Amino acid sequence: EARDPHQPEFLQAVKEVMTSLWPFVQQHPRYADQALLERLVEPERVIQFRVSWVDDSGQVRVNRAWRVQHSSAIGPFKGGMRFHPTVNLSILKFLAFEQTFKNALTTLPMGGGKGGSDFDPKGKSDGEVMRFCQALMLELYRHLGSDTDVPAGDIGVGAREVGFMAGMMKKLSNDASCVFTGKGMSYGGSLMRPEATGYGTVYFAQEMLHRQGRDFEGLRVSISGSGNVAQYAAEKALDLGARVVTLSDSDGTLVVPGGIGEDLLKQIMEWKNVQRGRLAAFADKHGLQFEAGRRPWHVPVDVALPCATQNELDGEDARTLVKNGVVCVAEGANMPSTLEAVDVFLEAGTLYAPGKASNAGGVATSGLEMTQNAMRLSWTHAEVDERLHAIMKDIHSHCVRYGTRPDGTVNYVDGANIAGFVKVADAMLSQGVI
Ligand code: NDP
């Protein structure tokens, strides 16, 4: 804390992981050797840079951008880029730290990184977004490479932004190898990448429910967010027979007590992805219930899937969910639950999966995109989906292996942290003090 007094999100993430690791490290003292824990919390490299670009009115704008290259112990740095006005170094350091454990959990050889900018794509023209992405790459390109650092999308960075950045990367480096994942299908993207994080989160929740002899069929599900992860989590939950009763954005929550049907979900996806519209206006247009300024967590459900952003579900929200009988909470977003909320779920015996386990399907499929690019071929939708499903089941069993309590229940937080740690730590110990 003395070193990073202004980085609350980073400290929160480190505290959560260390709480799981400490008892494990005491039982396995070799993991305390070589200042391993101290090295693990310190990013290998952080790059901060200025992005100057020209808006549509001819005015010069200046943003700040970063790339946090946290750990390359098990493979090239890998993690998304986030464009949002709230982006700062604390948030990117927490995301890169978490990413390191998540990527280890996928079983694929990927290190951890994250980057982004305080640029706000909302309300910007395509031309402005393109010029910003190109200006950002003028600096970032020298730090990337298919075996060095491979970014992807995150909040505010979808197919459009990845396309602009990957295009500029190729132009500057005169090299078409894979340095971005989440690319369009016409230039090396993988089928299923857009669906992967949302589908993967639901696959993971399904494994948790199966362990208790339950299934999604007929369950009420609340989802927060209405972006990439939320949309596909909703699609897969519907597919498995659940009733999805909410979606949200930073203005409020859309509540559909009878459940969002397939047709309505398609219309919402078109509204968000093509029109780039807001949920409130959509609700207005279709005569649906929109609760301005509220989050989804007061709506009674069996399963909650937070898929928007960090710290969007606090202790009070968690108590309300538990009081209303929630059985399972699986995070599609990164660290959406506060530390207090996590404690509430763990104490209540709710099945609770931290994002680093349940949302790892996105980066796993990015890993599969890298593999396909290296082999210069494309797998079918069904092939990628099958691999994604198998990876999510695998991550679930790693969590069970390291997180089973004496009474047979599973602490998925400990399970995910310890399983991810063991892989990264073994690699670090083998490679000496570097
Ligand atoms: P999108 O930009 O597609 O969607 C983000 C959604 O979250 C939007 O509905 C947005 O609403 C809402 N949101 C963003 N910031 C806030 C905020 N401060 N308060 C309330 N709502 C907010 O991003 P993704 O769906 O890709 O990412 C969502 C989460 O999932 C993030 O935590 C991300 O790190 C995580 N994740 C994403 C992966 C991926 O493959 N895309 C992989 C693994 C994790 P609004 O439009 O109002 O801002």
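These are my notebook entries on two sheets, a nonpolar core and some helices in a predicted model.

**Entry 1: the five-stranded sheet**

I began with the open sheet of five strands. I read its order as β1-β2-β4-β3-β5, and the pairing is mixed. β1 and β5 (149–152) are the edges; each has a single partner strand, so one side of each has no neighbour in the sheet. I looked up the angle between neighbouring strands, ignoring direction, and it averages 20 degrees.

Next I checked the individual pairs. β1 (residues 45–54) and β2 (residues 60–71) run antiparallel and are joined by ten bridges. I noted Trp 53 opposite Arg 61 of β2. The hairpin of β1 and β2 has five residues between the strands, and there Gly 58 has a positive phi near 90 degrees.

I then went from β2 to β4 (residues 112–117). This pair is antiparallel too, with six bridges. Val 68 has Lys 114 as its bridge partner in β4. I also found a helix on this sheet: α4 (residues 126–140) packs there and touches β1, β2 and β4. The direction of α4 makes about 140 degrees with that of β1.

**Entry 2: the seven-stranded sheet**

I turned to the other sheet. It is open and mixed, with seven strands in the order β9-β8-β7-β6-β10-β11-β12. Its edge strands are β9 (289–292) and β12 (351–353), each paired on one side only. From one strand to the next, I get an average twist of 15 degrees.

I followed β6 (residues 220–224) to its partners. It runs parallel to β7 (residues 243–249), with three bridges between them. It also pairs with β10 in the parallel sense, over four bridges. Ser 224 has Pro 306 of β10 as its bridge partner.

I moved on to β11 (residues 328–330). Two bridges link it to β10, again in the parallel sense. Ala 304 faces Val 329 in this pair. Between the two strands the chain passes through helix α10 (residues 315–323), and I logged this β-α-β crossover as right-handed.

**Entry 3: Val 221 and the core**

Which residues touch the most other members of the largest nonpolar core? I found Val 221 and Ala 233, in a core of 126 residues. Val 221 stands opposite Val 244 in β7. I listed the contacts of Val 221 beyond four places in sequence; among them are Ala 237, Arg 243, Val 301, Val 303 and Leu 305.

Two of those contacts, Val 303 and Leu 305, sent me to β10 (residues 303–306). Val 303 and Leu 305 point one way from the strand, while Ala 304 and Pro 306 point the other way. All four residues are buried.

**Entry 4: helix α11**

I checked which residues of α11 (residues 339–348) are buried. They are Ala 341, Val 342, Val 344 and Phe 345. Seen down the helix axis, they fall within an arc of 160 degrees, so they line one face of α11. I found them packed against α10, β11, β12 and α15 (412–430). After α11 comes Gly 349, with a positive phi near 75 degrees.

**Entry 5: Thr 371**

I looked up Thr 371, in helix α13 (residues 361–375). Is this residue buried, partly exposed or exposed? I count Thr 371 as partly exposed, because it has 15 C-beta neighbours inside 10 Å, and buried would need 20 or more. I also took one long-range distance. Ser 190 is 181 residues from Thr 371 along the chain, yet their C-alpha atoms are 9.8 Å apart.

Definitions and conventions. Residues numbered from 1 in each chain as written. Predicted model: local features only at pLDDT ≥ 70, side-chain atom pairs only at ≥ 80, totals over all residues. Pairing = 2+ DSSP bridges. Axes fitted to C-alpha atoms, helices over the stretch in contact; angles between N-to-C directions. Core = buried A, V, L, I, M, F, W, Y, C linked by C-beta atoms within 7 Å. Buried ≥ 20, exposed ≤ 12 C-beta atoms within 10 Å, placed from the backbone. Contact = placed C-beta atoms within 7 Å. Right-handed = clockwise from strand over helix to strand, strands pointing away. Arc of directions from axis to C-beta.
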